[in-house]
Amino acid sequence: MRRLLAILIPGLLLLTACGGSPAAAPEPTSQSAGDVAKLDSLKVSDNGDKKAPGLEFNKPLDVTQPTIKMVSDGTGDKVKAGQVAQITYIAVDGKDGKTLEDTFPSGSQPVELNDQLKTGSAVLYNALVGAKVGADIAFAVPGTPASAEAAATSSQLVVFKVTGVKDAVKPLDKPEGDVVTPPAGLPTVKADDKGVPQITVAGAKAPDALVSQDLIKGKGAVVKETDTLTVNYVGVTLADGKKFDSSYDKGQTASFALNGVIKGWTQGLTGKTVGSRVLLVIPKSLAYGDAAAAQGQPTGDLVFVVDILGAQ
C-alpha cells in the first residue's frame, strides 16, 4: 500500500486495532484545515480514467502545518464515517511540481474511515467524511529541515480523487475454513491453547523462491492486490526461529493495504481467500532488503503465519 503516502500520512496505510468503527454523524460536511489560503491557486483538470489530473499552483508551495482543502466536491454518494472510501491520488513536490507518485494508472485504494484513521490523520478523516464520490481533495504536507541523517525536503502536495464508497465488512474473529496438510520440508506450525500460531523452523531449508502455503483454506472473498486486509500474524527469522513481530502479542489485529507492504506479503497473499491461515516463507530478496538492520527491521529469510480475517 504505497510507501510515500504511508510516510506522509502516518496511520493511513498501516492501520492497527481494526475493531470498531465510529458511528456515522448526521450529515457531516467535509472539513478543510490548516494553511488553506496557500491552496487557493490550485487548479485540478480532469484527464480521464486511469490518468492523473493536471495540477496548476503557485510555486513554491510552502505550508507550515498539514493542510487539506476540498478543491471540488463530487456529485455521487456522500461518504459516511465507518464506510470504506475508494481513493486514488497523485503526489508532487511543492517546490517544482515534479511527480513523486501517481496511483491513477493502477486504480483506486480503499481507506476505511475508522477510529484509527481519525486518530492517525484527523485532517484527512474529516475531509473525506462528508465528501461526495468524485470529489478532488488537496492535502499539503510541510517540508522537513536538514538533519545529520537526511537533507531538507520541500513541502509536498497530494491530490486525492474519491472514486467510490461502500460499507465496511466486519472482519472474522479467527480463521475459518478447511485444514490443509502442508508438504514436508517447510517450517511447522501448531496453534497453542489460545489459538496463537507457534512456528518451528528446525529442518526447514532456505527458500529458492517465495512459498505461500495454505494451512487453513478460507471460504471467503478472493484477496486482490489492491485490497486493504485485516489480519493477525506472527513473524520469525528462518535462520534461528526468533520471533520479531506478532499482532497477537500486541493484543489487536492489523490492517494495511496489501500493495504497500513487503513484496513477499503482496505476492504471497494476493489470490488467497478470507478466512485462510497462510504460511509464508519469504526469501530475503522479497523481504526488507539489505538496509533492514539499519532501519531496525529483521534481516535474511523470514517466516510468517498470517490469518486473513477481512478484505476491503
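The following exercises, each with a worked solution, concern a predicted model of one protein chain.

Residues are numbered from 1 along each chain as its sequence is written. Local features require pLDDT of at least 70 and side-chain atom pairs pLDDT 80 or more, totals for chains, interfaces and linings use all residues, and side-chain values rest on heavy atoms, without hydrogens and water.

**Exercise 1. Overall form**

Task: Determine whether the radius of gyration of the chain agrees or disagrees with that of a compact globule.

Solution: The radius is taken over C-alpha atoms, and the globule rule is 2.2 Å times the number of residues to the power 0.38. For 312 residues the rule gives a value near 20 Å; the chain has 21 Å, which agrees. Along the principal axes, the C-alpha atoms fill a box of roughly 65 × 45 × 35 Å. The chain holds five helices and 18 strands, where helices (H or I, at least four residues) and strands (E, at least two) are DSSP runs numbered from the N terminus. Of the contacts (heavy atoms within 4.5 Å) between residues at least 6 apart in sequence, 76% join residues at least 24 apart.

**Exercise 2. Nonpolar cores**

Task: Identify the residues that touch the most other members of the largest nonpolar core, and the elements that supply this core.

Solution: A nonpolar core is a set of buried Ala, Val, Leu, Ile, Met, Phe, Trp, Tyr and Cys residues joined through side-chain atoms within 4.5 Å. Buried means under 20% relative accessible area, exposed over 50%, and partly exposed in between, with a 1.4 Å probe and protein chains only. By this criterion, 47% of the 312 residues are buried. The largest core has 25 residues, of which L113, L128, I137, F160 and V162 touch the most other members. Two or more residues come from each of β4 (67-72), β5 (83-93), α3 (122-128), β8 (136-141) and β9 (156-167). A second, separate core has 20 residues, among them V231, Y233, A254 and W265. Beyond four places in sequence, the contacts of I137 include I68, V71, L128, F160 and V162.

**Exercise 3. The second largest pocket**

Task: Describe the volume and the lining of the second largest pocket.

Solution: On a 1 Å grid over the protein atoms alone, a cavity is a set of points where a 1.4 Å probe fits but cannot get out; a pocket is an open set with protein on both sides within 12 Å along at least five of seven lines, and lining residues have an atom within 4 Å of a point. Grid points are joined across faces, edges and corners, and the volume is the space filled by probe spheres set on them. The volume here is about 260 Å³. Of the 15 lining residues, V180, P182, V189, K190 and L215 are the closest to the centre. β11 (188-191) and β13 (211-218) each supply at least two lining residues, and β11 gives the most, with four. The lining divides into 11 nonpolar, two polar and two charged residues.

**Exercise 4. Individual residues**

Task: Establish whether K50, T237 and V84 are buried or exposed.

Solution: K50, in the loop between β2 (43-45) and β3, has 52% relative accessibility and therefore counts as exposed. The phi of K50 is positive, near 65°. T237, in strand β14 (residues 228-237), is buried at 13%; its contacts beyond four places in sequence include V201, F244 and L302. V84, in strand β5, is buried at 1%. Beyond four places in sequence, V84 is in contact with residues including P110, V165 and Q312.

Conventions:
Ala, Val, Leu, Ile, Met, Phe, Trp, Tyr, Cys and Pro count as nonpolar, Asp, Glu, Lys and Arg as charged, and the others, Gly among them, as polar.
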